[in-house]
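Reader: I'm happier at the bench than in front of a model. Could you walk me through how to read this one?

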Amino acid sequence: MNKLYTTATTLLAALLLSTCASSVHIRALAPAAVPMPANLQSVATANRIIPESRRDKFFDALEGAFTGEGIGVDRAGADECVNVVGQALANNSYRFKVTQAQLQLLGRSREFFLPPLAPRYVQDLCRRTQVDGLVVLEAFDSDMLLTHTNGFRTYKDKEGKEHQVPTVHVEMVMKIVSGFRTYGAAQGFVLDQARQEDQLVFRGDGDTYQYALRQLPPPEECIRRVAQRAGDGYARRIAPSYIDLNRDYYTQAKKDVRMKEAAQRAEAGDWAGAATLWQQSARHLNPKIAGRAFYNLAVASEVRGDLPGAVDWAKKAAFTCNNAQARQYLRVLNDRIQAQAVVQEQLKSVPTVN
């Protein structure tokens, strides 16, 4: 559902960039991609990639040595991934009560994604941990790709003469493939399973290859950052989570000084005062000025959390004043209303407060 905002919002911003505009940030709850059953209210997180045998530990160490990532960095990255998924589930919304227990489960083999945990084992873990389910990291592997390109940079000496010196640009792509499962305590079955790929690019520049490499963060730090993204991504998959939205609004219109004054009030956080001025501008005989005012009133309503009101103002801008941006904004608002209804449905079953 998060993708509902992305394309339409990007197009809307592009349309307004050609005009005099400012922007405001809005925090909104986006629905989970996979809804969880009502009886799953409390969860514990677990890490299941700990090697079960000495042979597996040897191969993990060997892999870290040969790839240059370092020995034990995948284990540290997996721990960070589990930490973040627990924190995100606890902080992104109130859908789950997350226990502080982070279980460490043996089970990793050279096989990437292990078979699911046995139902009775899951039920026993949930009973002992006093939770309704488990969110388990069951696969984690990092891959580093390092490339470089040669170039030149130009500088001027004290006499103003230009010189070119060789430079090296390096890029390190750190990719993590992770696998999560969510289990329910009731039957011990898998409620959700996801294989994820996340990556970040790190860059460095220098006069030599070695100097450029030193500008990159250590591999273990790179793995940690990508692991954080993976953990947060899975939390957003199974629980409603906050996202940041950006809305542009008009800051001026020819022959109407109130639009500029209203924008100044909005930038200062006085949206009620800005709305009062925009309502006056909306009565302007020039449909272009009125359309901009109606559009801004829609944004003001969305900032205050009044989505139906925002739709009403946007319709006036779009259909009464033929404002092209407002027609696109209407689609964005309707997407938000649909997403909000899904979030409300997903949050019907939330942990009771003792």
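Reader: Let's start inside: which residues have the most contacts within the largest nonpolar core?

Author: In general, nonpolar side chains of soluble globular proteins tend to be buried together. A nonpolar core here is a set of buried Ala, Val, Leu, Ile, Met, Phe, Trp, Tyr and Cys residues joined through side-chain atoms within 4.5 Å. Buried means under 20% relative accessible area, exposed over 50%, and partly exposed in between, with a 1.4 Å probe and protein chains only. In this chain the largest core has 36 residues, and Leu-89, Phe-96, Val-135, Leu-137 and Phe-140 have the most contacts inside it. The elements giving it two or more residues are strands E2 (42-51), E4, E5 (162-184) and E6 (190-206), plus helices H3 (73-91) and H6 (219-238). H6 gives the largest share, 8 residues. Apart from that core lies another, of 35 residues, including Ala-274, Ile-289, Ala-293 and Ala-310.

Reader: Hang on, before I trust any of that: where do these numbers come from?

Author: This is a predicted model, where local features need pLDDT of at least 70 and side-chain atom pairs count only at pLDDT 80 or more, while totals for chains, interfaces and linings use all residues. Residues are numbered from 1 along each chain as its sequence is written, and side-chain values use heavy atoms, leaving out hydrogens and water. Helices (H or I, at least four residues) and strands (E, at least two) are DSSP runs, numbered from the N terminus.

Reader: And what is the average pLDDT of the chain?

Author: pLDDT is the predictor's confidence in each residue, from 0 to 100. The chain averages 87, and 86% of the residues score at least 70. Over residues 53-71 the pLDDT is below 50, though this stretch has 26 contacts in the model beyond near neighbours in sequence. A contact means heavy atoms within 4.5 Å. Where pLDDT is low, the predicted coordinates should not be read in detail.

Reader: Fine. How many helices and strands are there?

Author: The chain has 11 helices and 7 strands. Of its 354 residues, 47% count as buried. Contacts between residues 24 or more positions apart make up 75% of those with a separation of 6 or more.

Reader: How do I read a strand pair, then? How many bridges join E5 to E6?

Author: Two strands pair if DSSP finds at least two bridges between them. E5 and E6 are joined by 16 bridges and run antiparallel. Across that pair, Glu-171 stands opposite Arg-203 in E6. The two strands form a hairpin with 5 residues between them, and Gly-188 in the turn has a positive phi of about 80°.

Reader: What does Gly-184 touch?

Author: Gly-184 is in strand E5 and is buried, because its relative accessible area is 9%. Beyond neighbours within four places in sequence, Gly-184 contacts Val-122, Asp-132, Gly-133, Phe-189 and Leu-191. Gly-184 and Pro-119 are 65 residues apart in sequence, yet 9.1 Å apart in space, C-alpha to C-alpha.

Reader: Now a helix. Which residues of H8 are buried?

Author: An α-helix has 3.6 residues a turn, so residues three or four places apart point the same way. In H8 (residues 271-281), Trp-271, Gly-273, Ala-274, Ala-275, Leu-277, Trp-278 and Ser-281 are buried. Their cover includes strands E1 (21-30) and E7 (241-250), helix H7 (257-267) and H9.

Reader: Is Asn-296 buried or exposed?

Author: Asn-296 counts as buried, because its relative accessibility is 0%. It belongs to helix H9 (residues 287-303). Not counting neighbours within four places in sequence, Asn-296 is in contact with Tyr-249, Tyr-250, Met-259 and Trp-278. Ala-293 is also in H9, and its contacts, with the same neighbours-within-four-places exclusion, are Met-259, Trp-278, Ser-281 and Ala-282.

Reader: Last one: where does Gln-130, with its positive phi, lie?

Author: Most residues other than glycine have a negative phi. Gln-130 is not a glycine, but its phi is positive, about 60°. Gln-130 sits in the loop between helix H4 (119-129) and strand E4 (133-156), and is exposed at 71% relative accessible area. Asn-322 also has a positive phi, near 60°. Asn-322 is in the loop between helices H10 (307-320) and H11 (324-346), and is exposed, with a relative accessible area of 57%.
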